[in-house]
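Welcome! Here is a short guided look at how charged side chains pair up in one protein. Please take a moment with the sequence and the picture before reading on.

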Amino acid sequence: MTNENTNVAERLKVGPRENVTYPIVMKYCGHCSMPIEYCEYYPEYDKCKDWLERNLPDDFERLKIEEEQAAADGTDDDKKRQKRGGKGLLRVKKKEDVPKRICVSRAARGKKKSVTVVTGLSTFDIDLKVAAKFFGTKFACGSSVTGDDEIVIQGDVKDELFDVIPDKWAEIDEDVIEDLGDQKR
């Protein structure tokens, strides 16, 4: 047997190894909840470092020394960082600065019937399901949430909404409610 085959067989040997203290204790990061050796692959690595520095200073020093050695060796840190999707990347919902206004319109449904469409309530952080339930109860009709920011109320209740919405939600002024007239759906 050659020396290389002996090393491979020794590494694959089953059972406890020499010079290893058992049981092996794993330390986990309080920020990303991964073992501290894997924090460097987490998108918010800086926050993991802050947590390690506050809670596990000895391990933080060891990690810092390893990073300095890797930088001295010239290993590129960007090669191992995850840049595209995957489970490790956190998705943060962006709050867009959309002007806060509510649009009310009427849409034809069939020949003689119509529905009222309300959009823009979510810009005021109003739960659309609760609002749809309120409109259905208030006007004794069917009401449902369709799309991202749209409530459809059965019947023509567009004129009543200008009084009902500011009464129910005090943060909404009557001036931010806009009448779009008759629309096609």
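The report below walks through the salt bridges and then turns to a loop residue.

## The overall picture

A friendly note to begin with: this is a predicted model. Side chains of opposite charge can pair when their charged atoms come close. How many salt bridges does a search of the whole structure find? The search finds eight, and some of them are introduced here.

## A link between two helices

Let us start with Lys49 and Glu67, which form a salt bridge whose closest N and O atoms are 3.5 Å apart. This pair ties together distant parts of the chain: Lys49 sits in helix 2, while Glu67 belongs to helix 3, residues 57-73. In sequence, the two partners are 18 residues apart.

Are these two residues buried or exposed, or something in between? Lys49 has a relative accessibility of 24%, so it counts as partly exposed. Glu67, at 30%, also counts as partly exposed.

## A network around Arg62

Next, follow Arg62 in helix 3. The side chain of Arg62 meets that of Asp59 in a salt bridge, with an N to O distance of 3.8 Å. Arg62 also forms a salt bridge with Glu66, where the closest N and O atoms are 3.3 Å apart.

Why are these partners about one helical turn from Arg62? Asp59 is separated from Arg62 by about one helical turn because the two are three residues apart in helix 3. Glu66 is four residues from Arg62 in helix 3, so this pair is also separated by about one helical turn.

Which residues make up the network of salt bridges? Lys27, Asp59, Arg62 and Glu66 are linked in it. Surface exposure varies among these residues: Asp59 counts as buried because its relative accessibility is 11%, under the 20% cut-off. Arg62 counts as partly exposed at 36%, and Glu66 counts as partly exposed at 39%.

## A residue in the loop

Finally, look for Glu44, which is found in the loop between helix 1 (3-11) and helix 2 (45-55). With a relative accessibility of 25%, Glu44 counts as partly exposed.

How far apart are Glu44 and His31 in sequence and in space? They are 13 residues apart in sequence, and their C-alpha atoms are 8.9 Å apart in space.

Notes
Residues numbered from 1 in each chain as written. Predicted model: local features only at pLDDT ≥ 70, side-chain atom pairs only at ≥ 80, totals over all residues. Heavy atoms only, no water. Buried < 20%, exposed > 50% of the residue type's maximum accessible area, 1.4 Å probe, protein only. Salt bridge = Lys/Arg side-chain N within 4 Å of Asp/Glu carboxyl O.
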